[in-house]
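Colleague: Please take a close look at one part of this model. I would like the contact between two of the chains, and then whatever helps to place it.

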Amino acid sequence: MIIELGHFLLALALSLSIFQFLLPAVGVKFNSYSMMKSTSIIAYMSFILVLFSFASLVYAYITSDFSVSLVAKNSHSLKPLLYKISGVWGNHEGSLLLWVLILTFYSAAVAILGRRLPLKLLSLVLSCQGLIAAAFISFILFTSNPFVRIFFPNAEGEGFNPILQDFGLAIHPPFLYLGYVGLSVTFSFSIAALLVGKVDTIWVKWVRPWTLIAWVFLTIGIALGSWWAYRELGWGGWWFWDPVENASFMPWLAATALLHSSIVAEKRDTLKAWTILLAIIAFSFCLLGTFIVRSGVLVSVHAFASDPSRGLYILLLLVFFTGGGLALFAKRAPYLKSGSLFKPLSREGALVINNIIFASAAATVLLGTLYPIFIDAINNSKVSVGPPYFEAVFIPLMVPAILLCAFSPMLSWKRAIMDNIIERIIAVFICTLFLASLIIIIYGGSASAFLGLFLAFWLICGTLYEFLIKVGVKSSFKTFTQRALNLPRSAYGMSIAHIGVAVFIIGATVSSAWRIDIEKPIILGEKIIVKDIELTFKGIKKVEGPNWNADRGEFEIIKSSGAKYLLYPERRFYPASEVNTSEPAIMSGIFSDLYVVLGESLQEEDSYAFRIYYSPFISWIWFGIMLMAMGGILSLSDRKHRLGYGLKKV
Amino acid sequence: MRSLIKFIFFFFIITNSVLAADSSGPKDKVAYELYKELRCLVCQNQSLLESNAPLALDLKKVVMDKIELGQSKSEIKTFLVDRYGEFILLKPKYSIQNFLLWLGPIFFLLIGFFITFAFLKKQSVYKEEPLPLTDEEENSLKKILDNNVS
Amino acid sequence: MKNKLKYFYSYVPLIIFSILVLFFARQLILKEDPSELPSALLDEKFPSITLSRLADYELFSNKNLMDTDNPSLVNIWSSWCVPCKVEHEFLMRMREEHNIIIYGINYKDNKEDALKVLDLNDNPFYAIGVDQDGMQSINLGVYGVPETFIIDRSGNIRYRHVGPILEYDMEKIILPIIIKIKQEKL
């Protein structure tokens, strides 16, 4: 019954969404105040309906109601509660319902927080959101219905892919979707701006915080996915340039560009058409990502069960929203009034270069990901584009962006005064050169290791230097502290986020340049020494878990400090789905990870094939990304983003 | 502006050469690189390096044997491409077919700069700039600002 | 002129997007499995390989494929391969009902186990060769077992089937190709 209720509520939500699309549109056309004003209530109601609909699905999973087809296919009564719940979105249908839930939530949020926005603008935004919601809900109801029942349910569910039973993976989709759907808000704002025909300060002041919110969630979501892949997939890697990963990375690159361009739009009232275009493109990348993941046109490690007929529907969504948005842009953008001037060598100029680089990066990732499709169509030949390509083109693209990042906050708006700047650049350069060379000399490293360290230190030194100048390092302690406290949070946010990038670069560089790989057969009792760590293979035991049984190896680890640890790499077998997985045992630390994978037993007595990876500083990859997200959150809490700040009541 | 662009392309090229420089050396290193650039054909998107599938192990053996015989990276790759097709290469060949792929990124950068140039030029034609401040005006401005920040 | 150009530029994103959509539509309509790959050796001569003998069975070598009057199949199999067991019935049918010559390559197997399989079931192969370490099959671009190559009368590879040949594959794919080859003038 509950499921049928959920189904009914979703259908109701569809009608409401259509209404949410039509009512304000008509209201704007005929300038009806009451029509426009009532849209907000419809947005709230839509959200409530979808919320209860979603809750009914969660209920079915928690109670292991196997008469629901989705639950039967994807769940199992022995699954721990957390994974039963996360199983709701661990499949195509459920994840779409989560998407819609977040979408209606954001619409309601815009409705509440936008009470003081110009009514026409708000109405158009909500109308666009309503249209998107209607499109996705109809996609769910007509092709991917999670509420389908089966008439002769089995007593037990079919379990599901055991690799998915992981905390990181469980919460990674919600974060990603919070990011993707956040970009739908900026998309709607852009459409609204094009329809209204002008872009004023109010619009920009609104777009920036929503972009930030979406960007923060996307950043965290991608970090979680990468962290999961590292811990679960068993070969110590953390990014594979897989189409599904790229599908989340492209929106992130576009969102980063959007973030920076909206700064220019807000401060200097220029680059508005470009910002609008970026917002449309960013959301289009989200739709494109959905298409790539669910249509089966590309080979990938972790696509959902692919289905070309669903792919066709998503393609139609893409054509409608992206095509529609770009067409509207084509027609209306030239008529937007352009803003103030700036010289190329200025803060605006630097941010424009940032945008060019990030947009090129996004285009490059798109090119590499889709290239097999292009060549297949044109030449009928099969090529593959893998990590070697992406690493070879992406890193060089990013280098100038990072170099610029350190000192562009020092540039003034409109036209940079270069006299001091050149001195500062030289100072940072010397400092960086010294630090990077020091490390390479002490620890020995390749040219690419030096490059990575150089970039990281350049960013850190440059950002710190700029911060110190801003707070007046040469003045008295009292002035210094006062200035530091008065500095807007968004300034701190920026510095912290940029340092986060540097920390990330350190993690990525060091973990690959100084990594130690040991792949060999190991006998019972054998000792292996890696750096200052001694590992002893103690033996293999058979163990049983809630829905698996395994061979568990035991390794005793003794560090030079004398501390002892035990590591238990496993090879698990899940009877319900007849899948074998390898669970690596990881000893994570701030400065290094020890990663042990149990292989197969070999012909010699008591000897097993093991892989041991020593990855120094690898955790800094995720520390860095989280720092970036924290910088973003800090910026969000800045007073000027408090919605309604500086606006007069309308 | 032009010098800034030159600067950026300069770094682009430097980075590429740095990354490429690490590409020759002892046998183990060459093997490692080849494994990274060859696809495991029975896996869903892994390289030979990461995979333990039987075919992957066989192919790794073939690669290793050929390195011992002194064959170059491109000879080994040609051998495998002849038998398995270009799909086995994770790093696409530098061929005319793939020229869009490899030149794409630089092409995007160039277009970006071109559009920006056009935009900036257009700006200065139609509007007038205010004159820059003189040294005196700069100093008094600085004094006022310093007094206000407290 | 300059003014008009400005209005044109704003259409560029839309145009690029439309081209992308065309490519996507093509992929969807074709409904291809992106992980299915045709053999790199299509329309080339069957590579020369060296196999070892399996007990008393006639040894398969490149000579069998030269100057023949009929197209033939080369089937890669092993005793430990489960789909091969399923495929066996259809190999027998092709041999007996359609008089197709099938050669076998025993891939990375144990000779005793291979002999057992051939003794317990009917033998579909005219000749058999053993590729003990799998290295010869790499010359054929083999991914695993089972795989089957269709060779024409000049010794060229015309098609490579990945996975077992079942009823549908036999009727709709393999036999039509064989018939086509037979109808060609040499």
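Modeller: Here is the contact of chain A with chain C, followed by notes on the chains around it. This is a predicted model, in which local features need pLDDT of at least 70, side-chain atom pairs count only at pLDDT 80 or more, and totals for chains, interfaces and linings use all residues. Residues are numbered from 1 along each chain as its sequence is written, while chains are lettered from A and ligands numbered from 1 in the order in which they are written.

Start with the interface. Chain A brings 22 residues to the contact and chain C brings 18 residues. Two residues are in contact if their C-beta atoms, placed from the backbone, lie within 7 Å. On the chain A side, helices H10 (272–295), H11 (308–332) and H12 (347–379) of chain A are the elements that give two or more residues. Helices (H or I, at least four residues) and strands (E, at least two) are DSSP runs, numbered from the N terminus. H11(A) gives the most, with 11 residues. The chain A side divides into 17 nonpolar, four polar and one charged. Here Ala, Val, Leu, Ile, Met, Phe, Trp, Tyr, Cys and Pro count as nonpolar, Asp, Glu, Lys and Arg as charged, and the others, Gly among them, as polar.

Now the helix pair within chain A. H10(A) and H11(A) pack at an angle of about 175 degrees, and their axes are 9 Å apart. Axes are lines fitted to C-alpha atoms, for helices over the stretch in contact, and angles run from 0 to 180 degrees between N-to-C directions. The two helices, H10(A) and H11(A), are therefore roughly antiparallel (over 145 degrees). Residues of H10(A) in this contact include A:Ile276, A:Leu287 and A:Phe291, and those of H11(A) include A:Ile314, A:Phe321 and A:Phe329. The contact of H10(A) with H11(A) divides into 14 nonpolar, six polar and two charged.

Turn to chain C. Chain C is divided into domain 1 (1–32) and domain 2 (62–183), with bounds from an automatic or database domain assignment. Taken over C-alpha atoms, the centres of these domains of chain C are 47 Å apart. C:Asp43 sits in the loop between helix H2 (12–30) and strand E1 (72–77) of chain C. C:Asp43 is exposed, with 10 other C-beta atoms within 10 Å; exposed means 12 or fewer, with C-beta atoms placed from the backbone. The C-alpha atoms of C:Asp43 and C:Gly155 are separated by 9.3 Å, at 112 residues apart along the chain.

Last, chain B. Chain B has six helices and zero strands.

Technical notes. Angles under 35 degrees count as roughly parallel, over 145 as roughly antiparallel, 65 to 115 as roughly perpendicular and the rest as oblique. A residue is buried if 20 or more other C-beta atoms lie within 10 Å of its own, exposed if 12 or fewer, and partly exposed in between; C-beta atoms are placed from the backbone.
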